[in-house]
Each structure stands twice: as structure tokens, then as C-alpha cells.
Amino acid sequence: MSHLLEVKNLYVEFDTRHSVVKAVNGVSFSIDEGETIGLVGETGAGKTTTALAIMNLIPGPYGKITNGEIIYKDEDLLKKSQQEMRKIRGGQISMIFQDPMTSLNPVITVGDQIEEVVRLHNKGMTGKEIHEKAVEMLELVGIPGSRFGEYPHQFSGGMRQRVIIAIALACNPSLLIADEPTTALDVTIQAQVLELMSNLKKDFKTSMILITHDLGVVAGECNKVAIIYAGEIVEFGTRYHIFKETTHPYTKGLFGAIPKINVETDRLTPIPGLMPDPTNLPKGCPFAPRCSYKLPICDEEHPKALELSEGHIVRCHLYTKEGQ
């Protein structure tokens with residue numbers, strides 16, 4: 001059975017005047033219908049760039065996809081023209097961007113912005129049907145239809161994020177990419193927005209790629225998890241694999257930096273150091289300079305992906321014969 005979306009060996013580079021930024025380095029994963037996959041990692045790990053590559057929105061001319069395939073419903077999106085991609089974006093694959101204030105046009109009412117998306121992807125609909133659909137989407141995300149004619153600045157951050165979700169789901173997409181959808185929200189509103197997205201995902205049978213650095217959000221929402229570091233997936237598996245059979249030292253470090261309710265401690269344990277410079281990645285394992293389990297081979301040889309059990313993949317020399 002083919003996957004809804006399959007990303008194969010994706011590489012993305014940004015060519016600056018002085019150097020080449022290697023943002024995504026051989027990312028591969030798949031997502032099936034109705035599934036949610038979490039892309040987890042520090043800021044700058046390549047999560048958003050991977051999402052933009054799927055949408056074919058890597059900003060040119062400096063940014064370019066140098067290798068890989070993005071197979072959606074058995075077709076490679078990277079071979080499609082911009083005109084073909086415009087029909088897919090919003091209609092079949094939608095993206096919720098990080099900041100709702102910059103995603104909405106401040107001088108157009110929220111209702112008109114939802115109508116615009118519906119009109120673009122439903123050529124046969126009358127003006128009345130488009131308006132009714134836009135009001136329905138607003139009410140579906142918990143905003144009264146009477147606020148249709150209001151502007152983004154008249155809404156709170158949580159409400160604006162709901163409007164963005166309404167726009168993203170207006171055409172019932174098969175795949176929703178949510179890029180840090182709750183970053184700027186307080187914890188209570190964050191929980192409401194996540195619950196809303198989860199319910200709408202079930203109602204619409206939508207698959208979702210959830211980009212986050214919050215492992216708590218991943219635990220509640222995701223079926224599969226990809227831990228990304230320096231532009232590559234260092235550990236991939238089901239939620240059980242990542243939370244109960246944590247393998248990669250970086251994943252262990254992420255969990256070590258989270259406070260535990262039942263353990264009293266004076267300090268959390270952060271991961272020392274910083275991610276490597278993407279213009280000058282190390283020859284060996286990119287995590288080696290920060291790793292407390294480092295072996296001599298880690299500085300010399302880039303680790304290959306190993307399948308430890310069905311669907312649980314890790315890039316680490318500790319699990320090769322050199323690490324035994």
C-alpha cells in the first residue's frame with residue numbers, strides 16, 4: 001500500500017554570498033492517511049525548511065532543493081509546475097504558519113480571507129455558497145459568525161490562530177502541516193487550540209505533520225515521531241519507540257531537559273554546547289561534539305541509519321559493532 005506522502009532523501013541548501021548553508025541533509029519519512037507525525041528538534045534543526053520543501057515554497061533563487069523526492073499520492077511534487085502546485089496548496093495540502101499575526105492580512109476582514117481560499121479552490125460555487133462555507137468554517141473553530149466582518153487586530157492571539165486553522169481547513173485538505181501552531185499562546189489557549197485541531201483532524205480524516213519542540217504536545221498528538229538534528233533525522237519511530245525505548249543520545253538529552261513532576265531536583269540537565277554551524281558541518285556525527293557517549297569513530301565517520309526494530313530507526317555508532 002502506498003503512503004499518502006513519502007519524503008525520500010531530501011536535501012535543501014541556501015547559497016549565500018560567502019558560504020552554502022546545508023539546511024536539510026537526507027531527510028526521509030512517510031505518513032499514511034489519518035496519521036500525525038511530529039517533527040521535533042531545536043530551533044534551526046531544519047524542521048520548517050522540510051515543511052516548506054513539501055509545499056515547494058523554498059525561497060529562491062538562493063534556496064534550492066538539491067536532491068530527493070516528495071511523493072504525494074504517487075506523484076512527485078518536485079516535478080510539478082508552480083501553477084500545478086498552487087492548486088495543491090490549500091486545496092490538498094495546507095500549512096498553518098508559526099505567527100498568526102504575520103499570516104493574516106491586517107487590512108482585509110477575517111471572513112473575506114476565508115472566502116478567498118474557498119473561492120480559489122471551488123470554482124463552481126456561487127457567492128452565497130462561498131459566504132456560507134466561510135461562516136461555517138469560522139463557527140467550526142469556535143468563533144461566532146457575527147465576527148465575520150472584523151479585522152485581525154480585533155482578535156486575541158488564540159482567536160487569530162483559530163482563524164488560521166479555519167483558513168487551512170476551508171478546503172478539507174488531505175494533509176495539514178502545522179508549524180509550531182501554539183508557540184505564541186499561553187498554556188490554557190494552547191490546550192484549546194490543540195484539542196480543536198485534534199477534533200477537526202478526526203472529523204475531516206486529515207493527516208498532519210506537526211512541527212514542534214514541545215515533547216508534551218508530541219505525546220498527546222502524534223502517532224510517529226522524527227527527531228531532527230542539524231538537518232537530518234537522528235531517530236524515528238512510533239510514539240512508544242521514542243518515549244519508552246529512547247535510543248539516540250540527542251533524544252535522551254531532550255528528555256533530560258524536561259522537568260519531572262515526581263523527581264525533586266535543583267537544576268535541569270541541559271544539552272551542553274550548540275548545534276554545529278550549517279555552513280561547516282563536521283565530518284563525523286553532527287552531535288558528537290555535544291555527546292557524553294562519544295566514541296573515537298564518532299568524529300571520523302558519519303553514522304548510517306540503523307533499524308533497531310520494525311519502524312524504529314536511529315543514526316548512532318553506539319548501536320553498530322564499533323559501539324558494542
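**Note on the two sheets and their helices**

1. Strand β1 (residues 5–15) and β2 run antiparallel and are joined by nine bridges. Within this pair, valine 12 has valine 24 of β2 as its bridge partner. The model is a predicted one.

2. On another pairing of β1, eight bridges link this strand to β4, again in the antiparallel sense. Here glutamate 6 is matched with isoleucine 71 of β4 as its bridge partner.

3. Strand β4 also pairs with β5, antiparallel, through two bridges. Tyrosine 72 stands opposite glutamate 75 of β5. The hairpin of β4 and β5 has two residues between the strands, and lysine 73 in this hairpin takes a positive phi near 50°.

4. These pairings belong to an open sheet of four strands, ordered β2-β1-β4-β5, with antiparallel pairing. The edges are β2 (20–31) and β5 (75–76); each has a single partner strand, so one side of each is left without a neighbour in the sheet. Helix α1 lies across β1, β2 and β4 (63–72), and runs at about 110° to β1.

5. A second open sheet has eight strands in the order β6-β7-β8-β3-β9-β10-β12-β11, and its pairing is mixed. Its edge strands, β6 (93–96) and β11 (305–309), each pair on one side only. From one strand to the next, the twist averages 20°.

6. In the eight-strand sheet, how do strand β3 and strand β8 run, and how many bridges join them? They run parallel, with five bridges between β3 (residues 36–40) and β8 (residues 207–212). Isoleucine 37 has isoleucine 209 in β8 as its bridge partner.

7. An antiparallel pair in the eight-strand sheet is that of β11 and strand β12 (residues 312–315), joined by four bridges. Glutamate 307 stands opposite isoleucine 313 of β12. Two residues lie between the strands in the hairpin of β11 and β12, where glycine 311 takes a positive phi near 85°.

8. Helix α1 (residues 47–54), already met at the four-strand sheet, also lies across β3, β6, β7 (175–179), β8 and β9 (224–229). Its direction is at about 150° to β8. Helix α10 (residues 249–256) lies across β3, β9 and β10 (232–238), running at about 100° to β9.

9. One helix pair deserves a separate point. The axes of helix α4 (residues 110–121) and helix α5 (residues 127–140) come within 9 Å and cross at roughly 120°. That angle makes α4 oblique to α5. The crossing of α4 and α5 is right-handed.

10. Which residues make the contact of α4 and α5? From α4 they are Gly111, Ile114, Glu115, Val118 and Arg119. From α5 they are Ile130, His131, Lys133, Ala134, Met137 and Leu138. By class, the contact of α4 with α5 has six nonpolar, two polar and three charged residues.

11. For the chain as a whole, the secondary structure comes to 10 helices and 12 strands. The radius of gyration is 21 Å, close to the 20 Å that the globule rule gives for 324 residues, so the chain is as compact as a globular protein of that length. Along the principal axes, the C-alpha trace spans about 70 × 50 × 45 Å.

Terms used
Residues are numbered from 1 along each chain as its sequence is written. This is a predicted model: local features need pLDDT of at least 70, side-chain atom pairs count only at pLDDT 80 or more; totals for chains, interfaces and linings use all residues. Side-chain values use heavy atoms; hydrogens and water are left out. Two strands pair if DSSP finds at least two bridges between them. Axes are lines fitted to C-alpha atoms, for helices over the stretch in contact, and angles run from 0 to 180 degrees between N-to-C directions. Contact means heavy atoms within 4.5 Å. Angles under 35 degrees count as roughly parallel, over 145 as roughly antiparallel, 65 to 115 as roughly perpendicular and the rest as oblique. A crossing is left-handed if the near helix is turned anticlockwise from the far one by less than a right angle, and right-handed if clockwise. Ala, Val, Leu, Ile, Met, Phe, Trp, Tyr, Cys and Pro count as nonpolar, Asp, Glu, Lys and Arg as charged, and the others, Gly among them, as polar. The radius of gyration is taken over C-alpha atoms; the globule rule is 2.2 Å times the number of residues to the power 0.38.
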